[in-house]
Amino acid sequence: MNEHFERMKDLPSTHLLGAGTALCAGCGGLEAVKEVYDVLGANTVFVNAAGCMTLMSVYPFTPFRGSWLYTAMASAPAGAQGVRDALDVLKAKGRMTEEEDLEVVVLTGDGSAYGMGLSATSGAIDRGLDFIYLCYDNEGYGNTGQQTSGGTPHAAHTATNQTQAGVLGWKKDLFAIWTANKPAYAATVIGGEPLDLARKIDKAKSIEGPRMIIALAPCPTGWGYEPQHSVEIAKLAVKTGIWPLKEYENGKVTHTRVPHPRTPVEEYLKLQGRFAHLFEPERNEAAIAEIQGHVDAYWETVDAEG
Ligand SMILES: Cc1ncc(C[n+]2csc(CCOP(=O)(O)OP(=O)(O)O)c2C)c(N)n1
Ligand code: SF4
Ligand SMILES: [Mg+2]
């Protein structure tokens, strides 16, 4: 077993399960949610799919000034529909003013967003639901010990993929799945690039309809690194081109940061315990080159589109 998962095994279960009543130090998901909330403000109701962030609202305690509804993993967009409809009824009956209205925000992990909750999300986009959908993507089922999800990257070790090769498949392109559904807006963000994130959330706030946001969420506990490296890893995700920052509006995708020159992907990979087997006991040149090739191929398509 990878040394990183050996260490996880010995952690108290409260820490393994997203730190019980608090989140882990250096949590990139929490950083992104805080930055998003700074822009959205108190007139927000979160509809939360079970995951690490659920621990931010353990009744009667919450750091939020607005409201919170907890749902099963697959159902957050359906819950958001109910909340949106109830708010609209209150407004129609004159029991709530426009100023008192709430922004309905699904807050979900990648386990739901890339898998279990995908059909409910697709349905909500089809119905033109007026909501923001925020996925903090820590690339695994973090709350239950970092099992593989549809967001887990190629070659990573997870609690359910401990072979020398790691995960054989490739991270699903959720942004492409969403934009194929033609939402009003979609964007990728990361807490380590707060200005880019704030501009996109501000824009999402000004638009009506389904607005989809994915935040890559560096996760010290699940990815196997010390909490103080979260911002460095976030910045490397962008500089290496592994996490393209982009947005979709009116049928067009625009990249909001184009790293040039791109830092080699191994600078990002080698900081994380989940990729340690690519470097020790000996470098797996073929696997590192394959991941680099994948990233290069993506950016070649971007360059070709100009
Ligand atoms: C249908 C269902 N299966 C399993 C669980 C147990 N469970 C709670 S949180 C969680 C992990 C969710 O992963 P993700 O959506 O990526 O969020 P994260 O934990 O990484 O924040 C699981 C499997 C559940 N709540 N519902
Ligand atoms: S996303 Fe990772 S760092 Fe954040 S609370 Fe969950 S396990 Fe901890
Ligand atoms: Mg997750």
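## The shell around ligand 1

In this predicted model, helix H5, which spans residues 110-116, contributes the most to the shell around ligand 1, namely four residues. Altogether, 16 residues surround ligand 1. The closest of these are Cys-52, Gly-111, Tyr-136, Gly-142 and Asn-143.

By residue class, the shell around ligand 1 consists of nine polar residues, six nonpolar residues and one charged residue.

## Polar contacts of ligand 1

Oxygen atoms of ligand 1 lie at short listed distances from both backbone and side-chain atoms of the protein. On the backbone side, an N or O atom of Cys-52 is 2.8 Å from an oxygen atom of the ligand. A polar backbone atom of Gly-140 is 3.0 Å from an oxygen atom of ligand 1. In Asn-138, a polar atom of the side chain is 2.9 Å from a ligand oxygen atom.

Ligand 1 on its own has 580 Å² of accessible area, and the protein covers 73% of this area.

## The magnesium ion

Ligand 3 is a magnesium ion, coordinated at 2.0 to 2.2 Å by Asp-110 (OD), Asn-138 (OD1) and Gly-140 (O). Along the sequence, these donor residues follow the spacing D-x27-N-x1-G.

Two of the donors, Asn-138 and Gly-140, also have polar atoms that lie 2.9 Å and 3.0 Å, respectively, from an oxygen atom of ligand 1. Asn-138 and Gly-140 are both buried.

Note on methods:
Residues numbered from 1 in each chain as written. Chains lettered and ligands numbered in written order. Predicted model: local features only at pLDDT ≥ 70, side-chain atom pairs only at ≥ 80, totals over all residues. Heavy atoms only, no water. Near = heavy atom within 4 Å. Polar contact = N/O pair within 3.5 Å; in protein donor to acceptor, adjacent residues only side chain to side chain. Areas by Shrake-Rupley, 256 points an atom, 1.4 Å probe, with all protein chains shown as cover. Helix = DSSP H or I, 4+ residues; strand = E, 2+ residues; numbered from the N terminus. Nonpolar A, V, L, I, M, F, W, Y, C, P; charged D, E, K, R; others polar. Donors = N, O, S within 2.8 Å, 3.2 Å for Na, K, Ca; no water. Buried < 20%, exposed > 50% of the residue type's maximum accessible area, 1.4 Å probe, protein only.
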